[in-house]
Every structure is written in C-alpha cells, then in structure tokens.
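User: Hey, I've got a model open and I'd like to talk about the empty space inside it. Can you walk me through it?

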2 protein chains.
Amino acid sequence: MVEKRRRKRGETRGQLMEAALTLVGKGRHFASLGIREVTREAGVVPTSFYRHFRNMDDLGLQLVDELGLVMRKLMRESRQQAPFADKLIQDSVNLFVDHVLNNRNFFTFMAQGLAGESRAVRDGISGEMRFMAHEMMLDFRRMKMAEHLSDSDLYRVCELVIRTVAFSLNDILGTSADDEHQLNTIREREIQHVKMIMLGAMAWKSEDR
Amino acid sequence: MVEKRRRKRGETRGQLMEAALTLVGKGRHFASLGIREVTREAGVVPTSFYRHFRNMDDLGLQLVDELGLVMRKLMRESRQQAPFADKLIQDSVNLFVDHVLNNRNFFTFMAQGLAGESRAVRDGISGEMRFMAHEMMLDFRRMKMAEHLSDSDLYRVCELVIRTVAFSLNDILGTSADDEHQLNTIREREIQHVKMIMLGAMAWKSEDR
DNA sequence: TGTACATCAGTGAACGCGCGTTCACTGATGTAC
DNA sequence: TGTACATCAGTGAACGCGCGTTCACTGATGTAC
C-alpha cells in the first residue's frame, strides 16, 4: 500500500496511456473508448484523468509521440543487421513482424489511427511513416545502392515499401501470436512483395540523372 | 407528409444505413456511433432501429455487403476503358480516385473498417479486396499480359497493386474534394507506385513456368 | 539541516444527460377466399 | 372485386445505467530561507 502510494507521483499518466493501449489490444477501437473506462482499467479514479489529459483525443496524440520512439527503436535494430543484400529483405521483414508481435497494442493503435477520427493523430502517424521512408532512403544512399535513382524516385520506392509492409499490419494483428503457420505465410508474402518492388526499382529509369 | 408516410414501407433500413455513412463521412468513426445518433440522423424514432438490425455491428456488416456492389461497379467501369497498356495504369488510377471522391462516405467506412472493431467487417473488406485482386488477375490473363508469371506470382502482383492503391484511400479522403493540386499529387504518386510494381512484375522470374 | 509554505496529483461525492433497450400501441400493407 | 384478418414497420413512453465533468478535499512532494 505504502509502496503503491510512493510510486504514484507522476506515474498515473503512463498508466492511463498503457490502459488505453491494453483496451485497444483487447479488441476495442480507440475511438470508442471512454474516460471512465480507461481510468477503471488503470485503477485510478475518473477525475485523475484530467490531471494529465484534456480529453481522449489528447491522450491519443500523446500516444502518437510514444509511437515515434517505438519506431526509432525498430530502425536502430534493423541497422545492426549484417548488410548482405540478398538476405536484407528477408531479415528486415522478419524483424518488422517480430517487432509488431512484441508491441501488439502499439501497432494496433497505429493501424486504427491511420483511418481514425482525429486529424492530428492521422497526421502524426503519416508523418512517422514519411520519416521512416526518409531514413530508409538515407540508408540506401549510405550503402551506395540504387544509385541510378534520383532522390525523389528513390524516396518513392522507400515510401512504397513502407506502405506495403504497413498494410500487412492488419493481417499480422489479425493473427493469434502462436499461429506460426499463418505468420509464416504473411512473412513470405511480404518478402515477395518487397522483392518485387525492389526489382521494379532496379529497372526504373530516372529522368534527370 | 402523405408522401413521406407512403414512402416509408421498407425504406427506413436504407435510410439508417445511409445515415451511418453520412455520419462517418462527416468525420465520425463508425466504432463510436450510437443507435440513437443514427436514428436521429435518419429522422426516425430509436426503436425503429431494431426492426432492421440487431445492433450497430449488424448494420456494419450489411454495409460491407453493399460495399461489394460499389466495388463491382468500379470494376465494370474500368473494363470499359480502351486497353492500351501505356495509358492503362494512369486511367485506372484516375478512375479509382474519381470513384473514391464520388463515394466518399462508402470508402471512408471501408478505410475505417480495415482496422475496425468487428472481426466480421474486417474479414468482409479483406475478402472484397482479395476478390478484386483475383478479378484483376483474370483480366491480365485475358489480355495475354504478364504470361511469364505463374498464377500465384501474378496474383501476388495484383494483390500488391490493390493494396498499394487502397492505402492511398487515407490520403485521398484526407483531402478536400476541391483541392485539385493535392489530388493530382496523389494521382501521380500512385501512378508511379503502380508503374514500379509492374516493372518489378515484368522482371520477376517465376520458378515453375 | 530544519521549518514553513506552495504546488502537485490523486480522491470521492455529486450533477444532469444521453444512452441502449423493453413494451404495448397503431395504422398501413399484404394475403386468402 | 370486396371483405376479413394477419403481418409488418414505425411510434412514444419509460427504465435503469454509465457517461463526462465539476467541485472542494487531502496528503505527499518540492522549494526557499
């Protein structure tokens, strides 16, 4: 009890955000969550909510910020992979799928938010994806790959890859975590998708280069 | 008044579905709609709802069915295009964008439903997309295009195209209908995306063929 | 280091309101002869 | 074609409940001297 009291200072905010993610992970849609519901899940009194957020939209926005951190972690890990081009695609896709499974609630929130109610949340997630595409582009440049492409064309390629893989979020999240068979099907499909895009990128001719 | 009375028979069901779509089109998320809200928008008494649907999920499911019709209409129109390969991609993408703008509410519902609360709605929409990919594959075969690809590889290509274009739903719907500049940016981007995928498809080597 | 005070974060009671759902009703439409 | 009856679809009143939000409170934490 004393312990609980002591830990409280400034911690409720995080508990509320986590509670919202938990509910989302349980199948609820963020847009249908209520303040009382979230505070109940977090184990605090409803009024506490207002100490940290103006309303549910506000909480959603702050979740998007945290989403950025999860994404950056994902990218950092992916850069530590051995850069052998032939396995690069497989490894990256597998890493992504694993990351999604390890952060189920977060990515469910992201998938929901893309077509969600709040303009600000939508824009936040879109921005996050643009950032990832941009980072991916820089990685290509660093590795001296796809040098026949102009900046804008290379960006388009990266954008396409990110979007393609992001779309599979819906499939990954619709699969129970222990259905290895179906997960492998998804992995292989996404690997093939990305390979095809890269083949297209190799064959693409930029106009001004 | 008499007119109104006379039209009622069996029409309320449609009005309720349209009311839900209208609210979705106004920026609300389907998951957060209530029965009273929908009946209010439709101009009927709350109890009427139960004459046609068990609950909001049920209404969502029936909307998915109608979504199928919209999709089929889209495909029928696209087949009437002159089949000149060089303009085929542009025409198809433009047709899709126009169709989305002309059925804003429907496609907003579809975009929301992909990551929505109801498993059944999600599966329904996924099924619809798989159907479209399959149809697209048959069209390729009919036109004797991409004959170097096995059935399963060609399906993957079509699936990738459909998903890519479907992803852009979020961008199209986030644009006000008269912002021609941004819409054109989206059109051009999607055309380039699809062209790249087709380039990749051309370069792809199927194992068993 | 100790004391006095301000700020912060969680509490519990209370409010009015809109929600989903039930029920018995009514009048229009469809069906059988 | 006309009549009698069943079914269907929309109505209006009523219910209990959970919601968002406000308020004054309390005790813990941080700050100044």
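Analyst: Sure. First, a term: a cavity is a set of grid points where a 1.4 Å probe fits but cannot get out, and its volume is the space filled by probe spheres set on those points. Keep in mind that this is a predicted model.

User: Okay, how many cavities of 30 Å³ or more are there?

Analyst: The count comes to two.

User: And how much space lies in the largest cavity?

Analyst: About 180 Å³. It has 16 lining residues, and the closest to its centre are Ala111(A), Leu114(A), Asn170(A), Leu114(B) and Asn170(B).

User: Which helices supply at least two residues each to that lining?

Analyst: In chain A, helix H6 (104-114), helix H8 (151-167) and helix H9 (169-173) do, and in chain B it's helix H6 (104-113), helix H8 (151-167) and helix H9 (169-173). H6(A) gives the most, with three residues.

User: What's the lining like by class: nonpolar, polar, charged?

Analyst: For the largest cavity, 12 lining residues are nonpolar and four are polar, with no charged ones.

User: Switching over, what volume does the second largest cavity have?

Analyst: About 30 Å³.

User: Which residues line the second largest cavity?

Analyst: From chain A, Leu160(A), Arg163(A), Thr164(A) and Phe167(A); from chain B, Arg163(B), Thr164(B) and Phe167(B).

User: Which helix gives the most there?

Analyst: H8(A), with four residues. H8 of chain B also supplies at least two.

User: And the classes for the second largest cavity?

Analyst: Three nonpolar, two polar and two charged residues.

Notes:
Residues numbered from 1 in each chain as written. Chains lettered and ligands numbered in written order. Predicted model: local features only at pLDDT ≥ 70, side-chain atom pairs only at ≥ 80, totals over all residues. Heavy atoms only, no water. 1 Å grid on protein atoms, 1.4 Å probe; cavity = no way out; pocket = protein on both sides within 12 Å on 5 of 7 lines; lining within 4 Å. Nonpolar A, V, L, I, M, F, W, Y, C, P; charged D, E, K, R; others polar.
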